[in-house]
Amino acid sequence: MITMEHICKSYRVAKRNAGMKEACKALFRREMEVIQALSDVSFTIQDGEMVGYIGPNGAGKSSTIKILSGILTPESGSCLVDGRIPWKNRTEHVRQIGVVFGQRSQLWWDVPVIDSFELLKDIYAISPNVYQNNLEELTELLHLQELLKMPVRQLSLGQRMRCEIAASLLHSPKILFLDEPTIGLDAVSKLAVREFVMRLNQNHKATVILTTHDMQDIEALTNRIILIGKGRVLMDGTLEDMRRLAVQHGQTMEKPQADTGQGLQKTEKVDCIEKSPVCKEMVEQSTDSLERIVAGLYQKLDIA
């Protein structure tokens, strides 16, 4: 089980204007700004649960994942992951978790993928039998047969991400943190990653926290969503709860009308607050995509 209670984290960022004069001034006196990445963040995730953790850029998603994985230490609050404090029990903690950062690699660039896997086997002290069984299973499920002998630098982005996910699971972690795992992937690669994560959760009861800007990932994989903005948890619930939240903030929805006879379908915008008796029906019949709903929420909540 994962528990975060009243976690706060801030960063001090140096700022200056452009130009050589400003650069020289900054050598002697720096202008610092405090960025509040997380402010009183609290939530609990049960074993085997798959949760979508969403929010705009700079909301605090990656900072949360880094605290949960033990990379960062919060300024206040408490965090327990299966009874461990991530930043204090780091060695034992990393043996039980897998982390995939979509924009960072844990594979060695110039060597074949299988060499990176062998090195990770030694780093995590994985027994030969467990390593071989996991390697065979991951190779089959993620279709890595033709990729293991290729240098990482020669892989496409989609191929590399499949290898990254396999690398994070070689040591059989109970918890998997996925930070934008499908960023930049084509449709086929996204489907392969989604299918694998779903199987992992169903077959191995792995706990999965997924941060992404791709709402199709959220719809396909998660039942529970945690919405974060400006370092604060704004909502913790289901997709339907998010739609209700959009309605509560007066988000305009689109409702289809009958065909006009010209082969076209018109839409009329309806204010859900004014039409509250049929609000639920409108949400269910809405042609708005989840992306439109989420983008509207970001603007209404002033967190975009």
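**Exercise 1.** In this predicted model, decide whether Glu219 is buried, partly exposed or exposed, and then find its salt-bridge partner.

*Solution.* Start with the cut-offs: buried means under 20% relative accessible area and exposed means over 50%. Glu219 has 40% relative accessibility, so it counts as partly exposed. Next, look for the partner: Glu219 forms a salt bridge with Arg243, with the closest N and O atoms 4.0 Å apart. Now place the two residues: Glu219 sits in helix α8 (residues 215-221) and Arg243 in helix α9 (residues 239-248), 24 residues apart. Finally, check Arg243 too: its relative accessible area is 18%, so Arg243 is buried.

**Exercise 2.** Which parts of the chain does the salt bridge between Glu49 and Arg224 tie together?

*Solution.* First find the pair: the side chains of Glu49 and Arg224 meet at 3.2 Å, N to O. Glu49 belongs to the loop between β2 (31-45) and β3 (50-54), while Arg224 belongs to strand β8 (residues 224-229), so the bridge joins parts 175 residues apart in sequence. Then look at Arg224 again: it also forms a salt bridge with Asp236, at 2.7 Å between the closest N and O atoms. Asp236 lies in strand β9 (residues 232-237), 12 residues from Arg224.

**Exercise 3.** Which residues touch the most other members of the largest nonpolar core?

*Solution.* This core has 51 residues, and the ones to pick are Ile54, Phe117, Leu170 and Met242. Helix α6 (residues 157-169) gives the largest share, 6 residues. Now zoom in on Phe117: beyond its neighbours within four places in sequence, its contacts include Leu107, Tyr131 and Leu170.

Methods. Residues numbered from 1 in each chain as written. Predicted model: local features only at pLDDT ≥ 70, side-chain atom pairs only at ≥ 80, totals over all residues. Heavy atoms only, no water. Core = buried A, V, L, I, M, F, W, Y, C linked by side-chain atoms within 4.5 Å. Buried < 20%, exposed > 50% of the residue type's maximum accessible area, 1.4 Å probe, protein only. Helix = DSSP H or I, 4+ residues; strand = E, 2+ residues; numbered from the N terminus. Contact = heavy atoms within 4.5 Å.
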